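Hi everyone, thanks for coming. Today I'd like to walk you through some aromatic rings, so please have the structure open in front of you.

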Amino acid sequence: MSPSPDLSRVLPRVLIVSRRTVRKNKFVDFVGEYHLDLIVGYGAVPVIVPRVDGVHTMLDSFEPIHGVLLCEGEDIDPSLYDAGDANDNSLTPDQLDAVRRLHPSDAAVDHEKDSIELLLARRCLERGIPFLGICRGSQVLNVACGGSLYQDVDQELPSHASNTAVCHMDYADYDGHRHRVRVLPGTPLHEWFADSLDGDNEMMVNSYHHQGVRRLAERFVPMAFAPDGLVEGFYDPDAYSPGEGRFIMGLQFHPERMRKAGSDEFDYPGCAKAYREFVRAVVAYQAKLAVVRRFQDVVTRGRSAVTAAAVPKLSHDLEKQRNVLVRSFSLAKNMYLGAGDTKPAEAERRDLDAGAEFLETAAAALSSQQEKRLKQMGATVRNASGYLNSRLKVSEDREAAARALMGKMSAAQLSSLAAFYRTMGNICSDVLDAKLQPTSPTLQE
């Protein structure tokens, strides 16, 4: 059972694109209930995006978007990625016909679903919106970032001619089918399943797919491999910090379906943690947007007050100054949402200074309280780049000191230290989850 959220508050929104099937000779859209249950259970609202012609042109109407979960579906149109490799090992027409006969429901390309999901994935990547891709969703994420896919693992993966071949789908036992994967240390997946892995860092997973990652996009790091070498999980380490609202990850296997026969109990405690950490990032991202919205409201009120006392029509020079201010506020917003990952260029720093000067001096027509708030915001914008530089320097110094100290420790000491911090991390996650569930109704943006 998933934990019960506080449904009295405005919860963050997670978009999930439906899949189309035929029922009673009519198209029906659906989403697997396991996904919905886990999203609701950890404190977010699933918003189903229907796979209907033209919806890809309406995605702005689904704002605000606090997270995106993409899951099952048909094969992605191979024209959207490099279906062959440098040696032109793409499938022959006869092989493609054989794949379509063996996997008729999956091999039927759905162009509208492709368009909707690729646009959503790219929106997440551009804005830093938390994204979790399961099965096809992981393939969409890889393609959106320039990676490619095997059109059919059995036909194209070299190891399937050897004793390392893996059955990645079993039509006769969809829920019960399992195959082995090796989880890489130092990844979120290893952290979630650490207590369930065997001595070789392996576990059994459920999967249901005939395609998979051929070339992993450069920004991603693999988290797990099947014995045949197929990537079973990957993430962007530079965009992974759930507590700060950052989460970009793809899992080829199905943690939500890994349950004991005849029960809703998961095979491993780690199965639900992918959803728990994803929703934790979604909640944090919603909170960040709320801060930005309040900042924008303050700036808008201040600008309106100043405009009301100014000449209605702006001269050419004033219009140029206004454009500089707009860029300044946009830069400050992006730096905040990016959690200080990028250092502003010299030209951007000048724009930040312009925005700071405006906020600090534009209080002529405001109340004393409004004037104080605007000046505080101006100081924040002016000091943004200095703060980021100092924080990066401190982080580098701390990392260097930690590496030097650990270099003198024995293997046993390092193993004990890693186990200690893993335990502390789990405790911290549990306590943070509790704190993210408010005890009284609160209205969030």
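**Rings and their partners**

Let's begin with a charge and a ring: the charged end of R259 sits over the ring of Y34, 3.9 Å from the ring's centre. Keep in mind that we are looking at a predicted model.

Just along the chain, have a look at helix 1, which covers residues 33-41. Which residues are buried in helix 1? They are H35, L36, L38, I39 and G41. After helix 1 comes G43, and its phi is positive, near 105°.

Now for rings that pair with other rings. How many aromatic pairs does a search of the whole structure find? The search gives five. When we describe a pair of aromatic rings, we use the distance of the centres and the angle of the planes.

Take F220 and F234. Their ring centres are 4.8 Å apart and their planes are at 50°, so we call this pair tilted, since that label covers angles that are neither under 30 degrees nor over 60. Where do these two sit? F220 is in the loop between strand 10 (212-215) and strand 11 (221-225), while F234 belongs to strand 12 (residues 231-235), so the pair ties together parts that are 14 residues apart in sequence. F220 and F234 are both buried.

Next come Y240 and F247. Here the centres are 5.6 Å apart with the planes at 50°, so this pair is tilted. Y240 is buried, and F247 is buried as well.

Finally, zoom out a little: Y240 and F247 belong to one aromatic cluster, together with Y235 and F278. Thanks for listening!

Note on methods. Residues are numbered from 1 along each chain as its sequence is written. This is a predicted model: local features need pLDDT of at least 70, side-chain atom pairs count only at pLDDT 80 or more; totals for chains, interfaces and linings use all residues. Side-chain values use heavy atoms; hydrogens and water are left out. Rings of Phe, Tyr and Trp (its six-membered ring) pair if their centres lie within 6.5 Å; planes under 30 degrees apart count as stacked, over 60 as edge-to-face and the rest as tilted. Helices (H or I, at least four residues) and strands (E, at least two) are DSSP runs, numbered from the N terminus. Buried means under 20% relative accessible area, exposed over 50%, partly exposed in between (1.4 Å probe, protein chains only). A charge sits over a ring if NZ of Lys or CZ of Arg is within 6 Å of the ring centre and within 35 degrees of the ring normal.
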